[in-house]
Amino acid sequence: MFDTAWWTQNVALIPVYPLLAFFLVVFMRGALPAIFGADSATWKSIEGPTKTLSMLATVTATFMGLLHTWPLVMQLLHGNLLPYQVNEPWLQAGQFVLSIGYLIDPLSVMMLFVVTFISLFIQIYTHGYMGHDDGYAKFYGYLALFNFSMLGLVLSTNLFQMYVFWELVGVSSYLLIGFWYTKKDAADASIKAFLMNRVGDFGLLLGILGFLYVSYGWWQDLLLTNPDEVLLSFTGIEALVTGSPAVLAAAPMGVIAFLIFMGPMAKSAQVPLHTWLPDAMAGPTPISALIHAATMVAAGIYLVGRVYPIFQLSPEAMGAVAIIGTITAVIAASIAFVQYDIKKALAYSTCSQLGFMMAAMGCGAFAAGLFHLFTHAFFKAMLFLCSGSVIHACEDEQDMRKMGGLWNKLPVTAWTYLIGTISISGMFWTSGFWSKDEILVGAQNFAMPIFWILAVTAGATAFYMFRSFFMTFAGSYRGEAHVHKEIPAMVLPLAVLAVPSIFIGFLLSGSPLLANIGWTFPGFVELITPGYLTHAAHGAAHHGPFSHGDIANISMAFGFGGFALAFMFYVKPLNTVPGKIKTMFSPLFTLFANKWYFDELYNNFLKLIYLPFANFTSRFDKGFVDGIVNLVGGGIWTGGGAAQALQSGRVQSYIATIFFGVVVLALLGMVWWLP
Amino acid sequence: MDFLTAHIGLSHYLILAALLFTIGLLGVITSRNVIRVLMSLELMLNAVNINFVAFNNFLAPMYGDHFLFSGQAFAIFILTVSAAEAAVGLAIVIALYRRYSTVDMERFTALNG
Amino acid sequence: MTDWIQAFLHTPFMRFIVVENIHYLLPELILLVTISIGLFQASGRSKQSHDDAWSTALWGSFFAIAVAKVLAFHLHVDPETLTLYSTPVNLPVFYDVIRIDLLYSIVRTFVLGGTFLVLLFSRAYLEKHSSTAAEFPMLVLTASLGASLLAGANDLIMLFVALETLGIPSFILAGYFRNDAKCAEAGLKYLLYGGASTAVILFGISLIYGLSGGYTQFPMITAKLQLLETTLSGGFQPVLMIAMVMLLGGIAFKLSAAPFHQWTPDVYEGAPLPVTAYLSVVSKVAAFALLIRVCANFLFALSPADAGTGIAVLSGLFVVLSVLSMILGNVAALRQNNIKRMMAYSTVAHVGYLLLGFVVFREAALASVLYYLLAYVYMNLGAFAVITLISLQTGRDDIQAYSGLIRKKPFYTLALSIFLLSLAGIPITAGFFAKFFLFQSVIQADSNTLWLIVLALLNSTVSLYYYLNVIRVMVVNEPSDMVQSLTRRVDAPQTLPILLSVVACLIGTLVLGFYADPAMMYTRGAMAQLNQPDPTSIQALNQEIHMATMAGDSADVLALPAVVHQR
C-alpha cells in the first residue's frame, strides 16, 4: 500500500492532518464547554485533559505531516520524484471553472519539508513557552489552522487557489499576532499587519485578474485540448510563457508582474510595505519564529518562484524586484544596528534577509533565493526560539541593555544563538554561508552595484547579529530580574534546529568536497531549478569578474569585518565607543533609530493628504449622494407602508385577490398567446 | 334561448358548474358568518365535482375493453377530502367561538400588516 | 440461504412490488408505518407513551432519510460503467401515478431532511407551551408524506391527493395552539385561503381533464392537448388558458408567490414557530418540484414559443409573479417588527427570485433553482432554529427582544448572523452561490432578462437592510433587561436537539458556500433527465408486463424491471 506512488498520490493528506487537529481543538475547547456548561463539574473535570489533548493532537498532526513528507524528500534527493498534480473543480460558472488541487514538484516538496519540520519543533517549544498561558489550547488550535493554510498554500496548483490560502495564512497571522489582544501594542500590530497585507493583496488580485484578462483566450484553448489542466495553473503559466509568448507580446507584462509582486512585497515585508513585520513581534515568540521568520513571510518568495515565468517576461519587473530587495536588505540592516529590543533586532534581520532573497530572485538567481529561504528558515527560527528562551528566562524582559552575561546561565541557548549568528553572518561554511554565496554569485551576474551593496550588507549582518549576541550573552548581567533556568521542552528544539543550521547548507551545496564524506546527492540548485530555467542558468553562469572562490572570500572578509567591529564596540569598552560613534554620526543614527521615518511617512500621508480628501468626499457623499439615497430609501420605506396596508387581515379580501389574480393572469396569457 | 330547448348536453353541465363555482366564490368572499363561508367553499368543490362527472360521462376514453372512470374516481376523492377539510374547519371555528363567542369574520383580523 | 431469498423474492407479493417499482417508495412507506405506530402509541394517556411516540417519529423520519439516500444513490449510478448521472432511472409507479426520477429523489431528500430538522427543534418549543402530546409530529409526518408524494406526482388525482395530504395537516398545525387566539386565527385563515385555492386548482384540473378527453396522467394529457392544438385552426383554446392559469394560481398559493401570497404573513405570524419553519421550507420545496413538473408538461409544452429566443410566451406569467413577489416581499419586510412576519415576507421575496428560473425554463436555470432550494433549506431552517431557541428563552418574537444578544448567546448570535447573511446572499455562504448560479444561468439563457436580474439585485440590496437590521440589534444594541436575565449556560437536555439542528444547518450553509460544485452536478443531472423526451414507451411496456404478470406468465418477472431500465 505504501509504495512510492502512494505518498505522492495522497499528499493532500498533509494539510488535512492539521485541519483535523484544528477541528478537534475547536470541538473540545469550544463545543464541549457549551454543551456541558462552562461552570459544570463535568467540564471542570475534563478541562485539563482537553488542554493536553489539544497539544498532542496538533503536534501529532504536524509529525504525521513530516513523516508523510519524508519519502517525498527522499524521492527528490534520489532524483525519482515525479511531478504530479490533481485538480478538482471548485467553482463553476458556465465555461469558467476555478479549481483546487495539489501539486508535487521539487519546489513544493522543499517547502513542505521546511514547514512541517520547523512547525514540529516550534510546537514542541510552545509547550514550554506557553505552558502557563491561559490560551494554551487556543494557541495550539491557531497553530494547527496556520499549518493547514500554509501547507495548502504550498500545495496550490493554481494562482487562484494560492490566493485563497494566501488570505487564509494572512488571517492566521492576524489572529496570532493579536493573540494577547488585551495588550494594546499586540492589538494594534495585528491590525497594522492586516491592513498592510491588504494593500499588497489588492495589488496581487489586480495582477492575477490582469494576467487572466490578457491570456484568457489561450487558457480556453488549453483547457479544451488538455482536460487535466485548469485555469491559471502554474504548469500552464510555464507552458504559456515558454511555449507561446506571442500571446502576451502586446500585453503590459511589466505592470502585471509588478502588481503581482505587490502581494509578496507585503507578505515578505519588502520596503515600503515592511513596517508591519517588526510590530508583529508583539505576538508570542513561537509565532515570531514560525510565521514571521521561517514560513509565512517566505510565502512571498515562494509565490515569486511559482510565477517566475511571468517575471522573466519583463526585464523591468525583474529589475524592480532586484532593486526593492536590495533596498530592503540595506534599510532593514541599518535599522537593526540600533535596535535594543532583542526580538525587534531579529525582526529587522529577517526583513533584511528577505531582501536578500528577493534581490536574488530579481537578479535571476532563482535557486539561490530559494536556497537562502531554505537555510534561513532553520537558523532564523532557531534564533527566534533562542530569543524566546532568553526572554522567558529574564521574566519577559526584551531590552538587550538589561541583559548581558547570560553565557553561563543559559548555556544551550547561548551556544545555539552563537551558531545561528555565525550561520546568518555567512561564515565558516555554515548553512548561511553557502546560500548567501549563491546570492552574491547571482548578483554579480546581474549588476555589480547590487553585488557590492549586498556584500557590504552581509558584513552589516554580521555586525548587528554579533552586536545582539554580545549584548545578550557577553559581559556581566545588567538586569534586575532573576534569571530562570532553561526549560527542557524549549532547549530540545534549539539543539535539533542547530544541526541543520550548521550542516544543511553544506550538504546541499553541491560542492565537490561532499564526495569525501560519502554524500552523493545533488545540490540544492540542481534539485530545485526547473527545466525551463536550466538552460538559461548555464548560459548566464560566470560572466562576472569574480570566481566562485573569490566571492566566498569576499563575503567571508566582510563577515569578519562585521564581527570585529561588533567585538570592538560591544565587548571591550562597552558603552564608550558606541557613544562616540553615536555623536559622530548622529544624524544617521537618528535616521536609523527612527526606522527611516517610514511610519511617520505613512502617518503624514494619512493626515495631510488622505484624510482631507476623505473629508471632502465624505461631505460630497453626505450632501449629494446621501440625499439621493435617502430619497430612494424614503420611497421604499413608504412603499413598505403601502404594502402593509394591502395586508388588511381580512382573509376574504385575500381570497378575492386570488380570483382577480387568476383573471388578470389569464387575460395576460391570452394576449401573449395570440400574436 | 336555443340551449334551453336543445337536448341536454355536456355544455349545460359545464355552465351549471361554472355558475355554481361563481356563486360559491361570491359566498366565500361576502359572507360574514364563518359557517356560511365554509358552506360556500363546499359549493365550489361540488361545482368541480359536476365538471368531473359530466366530463367522464360524455368523454370517457376506452381502455382495452372497458371505459376509464377516472373522473368519477376523482369526484369521490374530492368528496372525501372536502369532508376532512370541513371537519378541520369546524374544529377551528369551535375553538375560535369559545374564545370570541362569535363567528363573525370581521372579528378575526388580529393578524394584519 | 440464497434459495430462501429467491423463494421470498418470487412470492406473488414481492413480484408485485418489484414489477410495480414500489420498493422505490420505501421512504414513504416508512413514514406511513411510523405514523401508524406513533398514533397508536400516542393514544395512551401517560406522558411516557407520548414520549415514546415522539422518539418513534424522530427515528422514523431519520430512517426514512437514510433509505431515501440509499435509493437516491441507486437511482443514478450506472452499474456497468459506474458513472454517475449517465442513465438515471425514470420509472412509473402505480400505473404512472408517481414518477420515480432524479427530481423526485432529490426533492424527497430535501423534504425528509427538512422534516427531521423541524422535528428536532420543535419539541422543546411545544413543551414550553405545555403541549406535550405527540399528535404534533404525526401531523408533521403526514404533511411530509404528502409533500414527498407531491414531488413525484405524475397524475392529476395523485397531485390533488398529495396536495391535500400536505394541506390538511398543515391547516391543523397552523392552528395547533387552539386556545391561543392568534394561532387559531392563523389556522382559520390558512384553511379558508387554502380551501379556496384548492377549489380554484380543482376547477382548473377538471377543465384540463375534460379538454384532454378524460385522461389524468400527465404525459397522456400533454400528448392529447398537443394533438388538440394541432387539429384546431390557430391552435388556441381560451378554456385551456384559463385552466392552466387556475392550476398555476393554486400552486402559486402553496409557493406564496404574489399576488397569491397574502395568507403567508398572517399564518406565519400566528402559527407556532416550528410550523412556520415547516411551511416556509418543506412545503415550498415540494411545491417547487410540482411546479417544475407541471410547467414541463403543460404550461411550457403547450405554449407557443417566442420566435427570437425560443422561450415559451407563457413565461411572461412568471415575470409577473416573480416581479410582484420580489418587490412586495422585500418592501413589506422592511417595516416588520415581528421576526416571524419578517421571515414570511422574506420567504415571499425568495420565491420571487426562484421564479426567475421559470422565466427562461432552461435546464441550467432549473438546476440552479433546485440548488437554491437546497441552500434555502439549510439557511432558512437554521435561522428558524435559532429563532425558536430565542423565543423559548425570552418568550417573544419581536426583533427588539434580540437586543444585545451577543453578550449572552455569542454562538447563536453568530449562527443567526450567518444564516441571515446567507439569505441576503453575502459571499462564502450558500445563499451567495445560490443567487449567483441562478442569476447567471437565467441571463445566459436569455439576455433580454437583464432588467429582471438588475431588479433582483436591487431587491437583494433592499433585503440586506432588514437582515442586517436584525444583526445590528443583536450586536450593537445594549442588552435589554430580559436578555440580561438570560444565562450563558445552555440548558443541555432540552436544547441539545436545537443546537444539533443549528450546527447541521450551519455546516450545510458554510460547506455549500465553500464548495458548491457536487450539489450543482446533482441538480444538473436531475434537470438533464427531465429535459429528455418522455419515455412513454416505458409506460406502455410496463402495462404489458403488468398484464403478463396478472395472467400468471411464468417468465422471470424479476428480470423485467431491468428491461424497462434499458429502454
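Start where chains B and C meet in this predicted model. Select the residues in contact across that boundary: you should pick up 36 from chain B and 33 from chain C. Now colour the chain B side by element. Helix 2 (10-30), helix 3 (34-59) and helix 4 (70-100) of chain B each give two or more residues to the side that touches chain C. Which helix gives the most? It is helix 4 of chain B, with 16 residues. Recolour by residue class and that side of chain B splits into 28 nonpolar, 6 polar and 2 charged residues.

Next, show chain C on its own. Chain C has 24 helices and 2 strands, and 60% of its 567 residues count as buried. Looking at contacts in chain C with a separation of 6 or more, 79% are between residues 24 or more positions apart.

Pick out helix 15 of chain C, residues 363-394. Put a distance label between its first and last C-alpha: the 32 residues reach 46 Å, close to the 46 Å expected at 1.5 Å a residue. Is this helix enclosed or open? Of its 32 residues, 28 are buried, so helix 15 of chain C is largely enclosed by the rest of the structure. Step just past its end to C:Gly395, which takes a positive phi of about 75°.

Now jump to C:Thr429, in the loop between helix 17 (410-424) and helix 18 (430-445) of chain C. Buried or exposed? C:Thr429 is buried, because 24 other C-beta atoms lie within 10 Å, and the cut-off for buried is 20 or more. Show what surrounds this residue: apart from neighbours within four places in sequence, C:Thr429 is in contact with C:Ile418, C:Leu421, C:Ser422, C:Thr509, C:Leu510 and C:Gly513. Add C:Leu506 as well; it sits 77 residues away from C:Thr429 in sequence, but the two C-alpha atoms are 9.5 Å apart in space.

Stay on chain C and bring chain A back. Here 42 residues of chain C are in contact with 35 residues of chain A. On the chain C side, the elements supplying at least two residues each are helix 8 (181-211), helix 10 (238-255), helix 11 (263-270), helix 13 (315-333), helix 18 and helix 22 (517-531). By class, this side of chain C has 30 nonpolar, 7 polar and 5 charged residues.

Cross over to chain A and colour by domain: domain 1 covers 386-593 and domain 2 covers 599-673. Taken over C-alpha atoms, the centres of these two domains of chain A are 63 Å apart.

Then select helix 18 of chain A, residues 431-446. Its 16 residues should span 22 Å at 1.5 Å a residue, and the end C-alpha atoms are 23 Å apart, which agrees. Helix 18 of chain A is also mostly covered, with 15 of its 16 residues buried.

Finish with a helix pair in chain A: helix 19 (residues 448-473) and helix 23 (residues 548-570). They pack at an angle of about 35°, with axes 7 Å apart, in a right-handed crossing. Show side chains at the contact: A:Gly459, A:Phe463 and A:Phe466 are among the residues from helix 19 of chain A, while helix 23 of chain A brings residues including A:Gly559, A:Gly562 and A:Phe563. Coloured by class, the contact between these helices has 17 nonpolar, 6 polar and 1 charged residues.

Terms used
Residues numbered from 1 in each chain as written. Chains lettered and ligands numbered in written order. Predicted model: local features only at pLDDT ≥ 70, side-chain atom pairs only at ≥ 80, totals over all residues. Helix = DSSP H or I, 4+ residues; strand = E, 2+ residues; numbered from the N terminus. Expected span 1.5 Å × (residues − 1). Buried ≥ 20, exposed ≤ 12 C-beta atoms within 10 Å, placed from the backbone. Contact = placed C-beta atoms within 7 Å. Nonpolar A, V, L, I, M, F, W, Y, C, P; charged D, E, K, R; others polar. Domains from an automatic or database assignment. Axes fitted to C-alpha atoms, helices over the stretch in contact; angles between N-to-C directions. Left-handed = near helix turned anticlockwise from the far one by under 90°.
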